[in-house]
Amino acid sequence: MLLIHCPYCDATRPELEFTYGGQAHIARPLDPSALTDAEWENFLYIRSNPRGRHRERWRHTHGCGRFFNAVRDTVTDRFAATYRTGETGPSDADLGGAQ
Amino acid sequence: MSGYRLPAGGLIDRKAPVRLLWDGEGYTGFSGDNLASALVANGVSLFGRSFKYHRPRGLLGMGAEEPNALVTIDRGPGRVTPNLRAPALPVYEGMAATSQNRYPSLKYDLGEVNNSLSTFLPAGFYNKTFMWPRAAWEKLYEPAIRRMAGLGESPKASDPDHYEAVYAHCEVLVIGAGPAGIEAAITAAKADPAARVVLIDEQEEIGGGALSDPDLWDWLKAAYDDISALPNLQVLPRTTGIAYLHDNYVAAAERLTDHLPISEATGPRERLWRFRAGEVILAQGAIERPLVFDGNDTPGVMLASAGRTLALRYGVAPGRAVAVVATHDSGWTDAIAIAKAGVNVTTIIDARATVSADLLAAARAQGITVMTAHSVIGVKGRLEVTAVETASTAGSISSTIPADCLLMAGGWTPTLHLWSHSKGTMPGARTCPTSRSRTPASSAPGQGTGPSAAARPSPRSPPRAPRTSSKPSSISRTTSPPRTSASPCARASARSSTSSAIPPTAWPPIRAKPATSTACRSLRRACRSPSQPSA
């Protein structure tokens, strides 16, 4: 069972308290009606599935209840960082270069 | 093999006889025995039948590695457990054990016909050969095959017991309480009185290999005293580490009542511990390797470490004429030690041409015939060993040695199961970029350095602190841990900086004093025994 750091509670808690929220940093289009079907499909359904570092959302369901962002390695399940929603978080360079 | 109880020695309490049933017949063991040692002491050599060919099988090891002596324990309706390993079962008054996979009896097993037909029943033999005639499958073939091919029978009634599960937090978790684990736990607990240290071991008593080495009993007794004096060190015997997961999350199963007479068993039967540890130290020791020769599954052929444990921990001679085949010095030290304990060791056969002069002299001083540059090519006997056939490594058959027990010493394999759970790799194992990235990165809190593979807790050498890997990098786990004397306490005390993951006021708190725990009763009992070897 993983340990996850909630940036709002500033506490490290077992995975049981959290739920996964999908890929992070996907901005909703400002004017959906202006999008083509392909662009809309891309926004709704197409997600990256990298082998390695992945930026994703987590929700501290059984704690503060808030969403935050995390950088997790999908191979080792290690969390490189967690940061609040709206922040850009550490860059790839900060985390030791691009993968 | 015709084992018998030695007149003295061992950690058993000879003033406390324990009665038990094996296949319906009554036997007497002593408090401190396990089922295997009690039966061997009564001359039992046949413990089971092999899975398919129903070959007679005897005791091989004296620990969790035992593959042959699988028994069913009956503790009442719904409390029937099959496939338990006899050497891992402490005896209690009224214990009822039965052998498995035989009909009508262990000694006369009709299934043994499979062994004569083995040419026609090769590995991978397809039981559906018996399809025809169709009606016979359900009525005749399947029931017969099911009875013959299998291990124990599953219990019929539902389980009336209840089970418990708890969470626990600690700064240092030591798995395996042999000399290395005990030393590590004591060092860590002494270094930082605020650090919660937990030491778990699957056996009844902590001590591991030291329990089979009278030379270490004084050290062990002092260690027990040390442990009792350390309020921050909790000892959990009868607790098997069963999983090593992410972020030092370790699961362990504690057996609470199965060692007690049925009338005394109250409360939950087992407890599942879910540890979150700051540091984990793996000190699970090693398992001896068997050797390959014709008939090496004949009852009476066992590991040298098993012979040593039988003779020195339980005061049981494994046979009346014991031969030892070794490819490793530990076979010699075992043979010499059990000869000194009063066992008739006749011969040591070693495949190596040269063996150290000290060992040769010590063996000859015990009147043991030494055959270097020889190996065992087979044993004679069906239900038990009657003779050992040897050949020189040059190839000529040289002799047949009468013996009823043959001890094998083929070297040691470290117990790497939990190490592998944690994605550790063997020192010297080939690594590639993929596998390196798969070893757990240790940047996460709580995963500081990963487990340190303790060396084989050689009961012969003086106890020492386990080696610890000093660099918290993923790469260091794929190489041999440096042999530094860095004690685990150095990191245990540095936890404030490295393991913010461990809440300072974790709940539930680990019981502060082991003095009230059941662990301690067995500690005290074992503590007494070494100092007062009962006659």
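Here is a short chat about chain B of a predicted model.

Colleague: Let's start with the open sheet of 5 strands in chain B; which are its edge strands?
Modeller: The strand order there is β3-β2-β8-β6-β7, and the pairing is mixed. An edge strand pairs on one side only, and that holds for two strands here. They are β3 (25-31) and β7 (80-85) of chain B.

Colleague: And by how much are neighbouring strands of this sheet turned against each other on average?
Modeller: The sheet is the open one with 5 strands in chain B. Ignoring direction, the average turn between neighbours comes out at 35°.

Colleague: Staying at the β7(B) edge, what is the bridge partner of B:Asp74 there?
Modeller: Strand β6 of chain B covers residues 70-74 and pairs with β7(B) in the antiparallel sense, over 4 bridges. On the β7(B) side, B:Asp74 has as its bridge partner B:Val80.

Colleague: Now the helices: is the crossing of α4(B) and α5(B) left-handed or right-handed?
Modeller: Helix α4 (residues 179-191) and helix α5 (residues 217-229) of chain B have axes that come within 11 Å and cross at roughly 35°. As for the hand of the crossing of α4(B) and α5(B), it's left-handed.

Colleague: How do the residues of that contact between α4(B) and α5(B) divide into nonpolar, polar and charged?
Modeller: From α4(B) you've got B:Pro179, B:Ile182, B:Glu183, B:Ile186 and B:Lys190. They meet B:Trp219, B:Leu220, B:Ala223, B:Asp226 and B:Ile227 in α5(B). The split is 7 nonpolar, no polar and 3 charged.

Colleague: How far apart are the end C-alpha atoms of helix α7 of chain B?
Modeller: At 1.5 Å a residue, the 12 residues of α7(B), 329-340, should span 16 Å. The model agrees with that, since the end C-alpha atoms are apart by 17 Å.

Colleague: How many of the 12 residues of α7(B) are buried?
Modeller: Among the buried ones are B:Trp332, B:Asp334 and B:Ile336. The helix is mostly covered, and the buried count for α7(B) is 9 of 12.

Colleague: Last one: which residues does B:Ala165 touch, leaving out those up to four places away in sequence?
Modeller: B:Ala165 lies in strand β9 (residues 164-175) of chain B. Its relative accessible area is 43%, and since buried would need under 20% and exposed over 50%, B:Ala165 counts as partly exposed. B:Ala252 sits 87 residues away in sequence, with a C-alpha to C-alpha distance of 9.9 Å from B:Ala165. The residues that B:Ala165 touches are B:Leu272 and B:Arg274.

Definitions and conventions. Residues are numbered from 1 along each chain as its sequence is written. Chains are lettered from A and ligands numbered from 1 in the order in which they are written. This is a predicted model: local features need pLDDT of at least 70, side-chain atom pairs count only at pLDDT 80 or more; totals for chains, interfaces and linings use all residues. Side-chain values use heavy atoms; hydrogens and water are left out. Two strands pair if DSSP finds at least two bridges between them. Axes are lines fitted to C-alpha atoms, for helices over the stretch in contact, and angles run from 0 to 180 degrees between N-to-C directions. A crossing is left-handed if the near helix is turned anticlockwise from the far one by less than a right angle, and right-handed if clockwise. Contact means heavy atoms within 4.5 Å. Ala, Val, Leu, Ile, Met, Phe, Trp, Tyr, Cys and Pro count as nonpolar, Asp, Glu, Lys and Arg as charged, and the others, Gly among them, as polar. The expected span of a helix is 1.5 Å times one less than its number of residues. Buried means under 20% relative accessible area, exposed over 50%, partly exposed in between (1.4 Å probe, protein chains only).
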